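Thanks for taking a look at this one with me. Please have the sequence and the model open side by side while you read.

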Amino acid sequence: MEKSLTRNLLSNLFSRQNKPSCFHTKACLIQQLQECNRFISLTSVHSEILKSGFLSDTFAVNNLINCYIRLQKTLDARHLFDEMPQPNVVSYTSLIAGYINMGQPQTSLWLFQKMLGTSVIPNEFTFATVIKACSMIADLVTGKKIHALVEAVGFQCNLVVCSSLVDMYGKCNDVDGARRVYDLMGCKNVVSWTSMIVAYAQNAQGHEALKLFREFNYLLKDRPNQFMLASVINACASLGRLVSGKVAHGAVIRSGHDSNDVVASALVDMYAKCGCISYSDKVFRRISNPSVIPYTSMIVGAAKYGLGRFSLELFKEMIERRIEPNDVTFVGILHACSHSGLVNEGLEHLNSMYWKYGIVPDAKHHTCVVDMLGRTGRLDEAYHLAKSIQVDPNAGALLWGTLLSASRLHGRVDIAVEASKKLIESNQQVANAYVTLSNTYALAGEWESAHNLRSEMKRSGVSKEPGCSWIEIKDKTYMFYAGNASLERGSEVLSLLRELERKMKEKGYVRGQTGLAFIEVEEETEEQIVGLHSERLALAFGLISIPKGITIRIMKNLRMCKDCHDVFKLISEIVERDFVVRDINRFHHFSNGSCSCRDFW
DNA sequence: ATAGGGTTAG
């Protein structure tokens, strides 16, 4: 690359072309640099600068560096920078930003460190840029050091610097840190508000995100833009709040942002997570040129509904439209195959993802496949696969946790023991491992082992939060704790739910495999609400085991079933009376999924 | 030369 650059420079240097006289004045050269968007014309201007002797002019070289960076020639920019006798703050900041644009935040932080050893003082542009580098790699330690420097140098009142600090703390999972900076800001704009909303939304505090959004609208400082709306829709999705999500959708339509790809993706995801896959589909089909992300949202949404075939069709369609899938798309596809029992299709996709699409399967893909094999009872293959994968401790916890659940589902004590060992050894999900293993022993009738494990847990002080599931309707949150069957008329509900499960099995419900359904719903009818309640109640009773991520699919032909209707009615009454939680703020730590249901003791 | 948004396995 360097050689070709030199060649171009030389050929331009010695060519005798008729150039307008203005070409040689500094102002003109710089204007040409700012308008330049092709590498070949850049080298020509570069050689003119060289000829005119402006290479010793910091301002001119800074413009040259920026032009190289704009054309993603970071290495050339670096060579120029290294040759500068007196790089100034702009030279440093430009190159630092260049490394960030090339996806090298570490290098940009290294250069910043070097800059601190010189007499060049960073300014607000430099700070905003390096803070972004910390956000990208979630480096809170460095972020805090830079924050201290910001205060020392006196930029703590700068709008852009503070907005990037809010974002940095949020991305590093320090929500309180983000809020502290946010509260100290003298003036805020849409960006600062959005950064704070995102900090909440991405740290399982969706309620706070929505609260801030309401505050923003109440103050009516500005109209929400597409960035803010996408973030708010994301918060609604994580909470499963259909009503708020629809309000946000209304705002999107009114403000004309509905054709925005990012906003549309957020809507597709939100409707799917709120249980309205048909709405997701409607929004999705209105996107004129969907990119890989809305396609992936739709694939994942369908997969979670047990519509595995639909996911695969969407995948085929996007390939036909020459949209390149990414690693997340394959997570969705493998998830779809896993949850719809399409094992052969899943294995084919795993095997072809690299040679057909150039995506190397990593731990998350293998975890999906372990889950897929495990669900259908192919535990030995799943175990074999899990053993063959190199993983870091976090990914390992997911991998072995997945295998452990599958072992329990099929009563394979031997593999459950091995998977639990791995979890306990790695000091990850220890309580989960104990509980699941004990449940597996119990399932296999090995009561003594189950009991011993419980005693061991008590002795070593390992405890597990009870599983919890919730549904929000209007402004109320209904919480169900797993295994809590001690409510009034509990046995009555239990027998009705058993009957319901029997009917579900008649309709093809397979334990641990396909999400199935209670009732067909057009709009937000009473039936839907009751249907959702009964799903969660059933979970609470431990009666049906629906692995997290499977959403109950809604089936038309159950609508007329009178028995079901009676169940819903009864459950509805009980739920209204016994399950209203008034202080929703207490449950923030659960809010990373609207239908989470953990294992319980 | 600077800040903010969407999809991820259990």
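The points below go from the whole chain to its details.

1. A word on conventions. This is a predicted model, in which local features need pLDDT of at least 70 and side-chain atom pairs count only at pLDDT 80 or more, while totals for chains, interfaces and linings use all residues. Residues are numbered from 1 along each chain as its sequence is written, chains are lettered from A and ligands numbered from 1 in the order in which they are written, and side-chain values use heavy atoms, with hydrogens and water left out.

2. The overall make-up. Chain A holds 30 helices and three strands (DSSP runs numbered from the N terminus: H or I of at least four residues for helices, E of at least two for strands). Of its 601 residues, 52% count as buried; buried means under 20% relative accessible area, exposed over 50%, and partly exposed in between, with a 1.4 Å probe and protein chains only. If you take the contacts (heavy atoms within 4.5 Å) between residues at least 6 apart in sequence, 66% of them join residues at least 24 apart.

3. The core. The largest nonpolar core has 142 residues, and I146, M196 and L403 have the most contacts inside it. Such a core is a set of buried Ala, Val, Leu, Ile, Met, Phe, Trp, Tyr and Cys residues joined through side-chain atoms within 4.5 Å. Helix α14 (residues 226–239) gives this core its largest share, nine residues. Beyond its neighbours within four places in sequence, L403 touches V370, L379, A382, Y383, A386, I415 and A419.

4. The DNA. Which residues are closest to DNA strand B? They are K171, N225, D261, S265 and K364, out of 57 that surround the strand; a residue is near a strand if one of its heavy atoms lies within 4 Å of it. This surface divides into 18 nonpolar, 27 polar and 12 charged residues (Ala, Val, Leu, Ile, Met, Phe, Trp, Tyr, Cys and Pro are nonpolar, Asp, Glu, Lys and Arg charged, the others, Gly among them, polar). On the strand's side, 42% of the atoms within 4 Å of the protein belong to sugar or phosphate, and the rest to bases.

5. Individual approaches to the strand. An N or O atom in the side chain of K171 is 2.6 Å from a phosphate oxygen of DNA strand B. Two other residues face bases: a polar side-chain atom of N260 lies 2.9 Å from a base nitrogen, and one of S163 lies 3.3 Å from a base nitrogen.

6. The cysteines. The whole structure has zero disulfides (pairs of cysteine sulfur atoms within 2.5 Å). For C134, the nearest cysteine sulfur is that of C172, 7.1 Å away; C134 is buried, at 0% relative accessibility. For C157, the nearest is that of C162, 6.9 Å away, and C157 is exposed, at 72%.

7. Two loop residues to check. N173, in the loop between α10 (159–171) and α11 (175–184), has a positive phi near 65° without being a glycine, and is exposed at 55% relative accessible area. A204, in the loop between α12 (190–201) and α13 (206–219), is not a glycine either and has a positive phi of about 60°; A204 is partly exposed, at 23%.

How values were computed: A polar contact is a pair of N or O atoms within 3.5 Å; within protein, one must be able to donate a hydrogen and the other to accept it, and residues adjacent in sequence count only if both atoms are side-chain atoms.
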